[in-house]
Amino acid sequence: MDVRVCKRCKKMFQYITGPDICPKCKQNEEELFQIVKAYLRKNPGAAMNEVSEETEVSISIIENFLKQGRLEVSPNSPIALSCESCGSKILTGRFCSKCHSNLVGELSNTSKKMTDELSAKKIEKTEKMRFLRSDRIK
Ligand SMILES: [Zn+2]
Ligand SMILES: [Zn+2]
């Protein structure tokens, strides 16, 4: 059993999967998410502090939704979200599409390198096994 401390309420809970948030806080967050989403749909031009005041959801939580890519603001929304890599204005997530594809490219390069290393190790292992076997025959 995996017990962790909830990031939001600091209570212990039985961890299953996903972020370190207890089911109660997760449900709470889901409700807040729906409220913010509905508000933004009705008021696409609302500023961050306006959304926060009207929905009574703190700005940091709203920013979190945006960074997770769950929430998207309209192109003419005053809510400014900037790419964490180049700083250009984005509508959702943490990176602009250009930096995102760069990052994805880098990631797939690393994983390719890892599989290459893994298969190299595998070959090494089979070589060793063959050696052991021939040893036994003697
Ligand atoms: Zn909690
Ligand atoms: Zn960027």
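**Exercise 1.** Which residues does Ile59 touch, not counting residues up to four places away in sequence? Place Ile59 in the secondary structure and decide whether Ile59 is buried, exposed or partly exposed.

*Solution.* The model is predicted.
- Step 1: Ile59 belongs to helix H3, which covers residues 59-67.
- Step 2: beyond four places in sequence, Ile59 touches Met48, Asn49 and Ser52.
- Step 3: for one of these pairs, Ile59 and Met48, the separation is 11 residues in sequence, and the C-alpha to C-alpha distance is 6.9 Å.
- Step 4: a residue is exposed with 12 or fewer C-beta neighbours within 10 Å and buried with 20 or more. Ile59 has 13 inside 10 Å, so Ile59 counts as partly exposed.

**Exercise 2.** Describe how helices H1 and H2 pack, and name the residues that meet.

*Solution.*
- Step 1: H1 spans residues 23-42 and H2 spans residues 48-55. Their axes lie 10 Å apart, at an angle of about 125°.
- Step 2: angles over 145 degrees count as roughly antiparallel and those from 65 to 115 as roughly perpendicular. At about 125°, H1 and H2 are therefore oblique to each other.
- Step 3: the crossing of the two helices, H1 and H2, is right-handed.
- Step 4: H1 brings Ile35, Val36, Tyr39 and Leu40 to the contact, where they meet Val51, Glu54 and Thr55 of H2. Sorted by class, the contact of H1 with H2 has 5 nonpolar, 1 polar and 1 charged residues.

**Exercise 3.** Which residues of the largest nonpolar core touch the most other members, and what does Ile62 contact?

*Solution.*
- Step 1: the largest nonpolar core has 13 residues. Those touching the most other members are Val36, Leu40, Val51, Ile62, Leu66, Val73 and Leu81.
- Step 2: H1 and H3 are the elements that give two or more residues to this core.
- Step 3: with neighbours within four places in sequence left aside, Ile62 is in contact with Val36, Met48, Val51, Ser52 and Val57.
- Step 4: as general background, nonpolar side chains tend to be buried together in soluble globular proteins.

**Exercise 4.** Where is Thr92 placed, and which residues is Thr92 in contact with, leaving aside its neighbours within four places in sequence?

*Solution.*
- Step 1: Thr92 sits in the loop between strand E4 (89-90) and helix H4 (97-137).
- Step 2: Thr92 has 14 C-beta neighbours inside 10 Å, and therefore counts as partly exposed.
- Step 3: apart from neighbours within four places in sequence, Thr92 is in contact with Leu66, Gly69, Leu71 and Glu72.
- Step 4: Leu81 is 11 residues from Thr92 in sequence, with 7.2 Å between their C-alpha atoms.

Key:
Residues are numbered from 1 along each chain as its sequence is written. Chains are lettered from A and ligands numbered from 1 in the order in which they are written. This is a predicted model: local features need pLDDT of at least 70, side-chain atom pairs count only at pLDDT 80 or more; totals for chains, interfaces and linings use all residues. Helices (H or I, at least four residues) and strands (E, at least two) are DSSP runs, numbered from the N terminus. Two residues are in contact if their C-beta atoms, placed from the backbone, lie within 7 Å. Axes are lines fitted to C-alpha atoms, for helices over the stretch in contact, and angles run from 0 to 180 degrees between N-to-C directions. Angles under 35 degrees count as roughly parallel, over 145 as roughly antiparallel, 65 to 115 as roughly perpendicular and the rest as oblique. A crossing is left-handed if the near helix is turned anticlockwise from the far one by less than a right angle, and right-handed if clockwise. Ala, Val, Leu, Ile, Met, Phe, Trp, Tyr, Cys and Pro count as nonpolar, Asp, Glu, Lys and Arg as charged, and the others, Gly among them, as polar. A nonpolar core is a set of buried Ala, Val, Leu, Ile, Met, Phe, Trp, Tyr and Cys residues joined through C-beta atoms within 7 Å.
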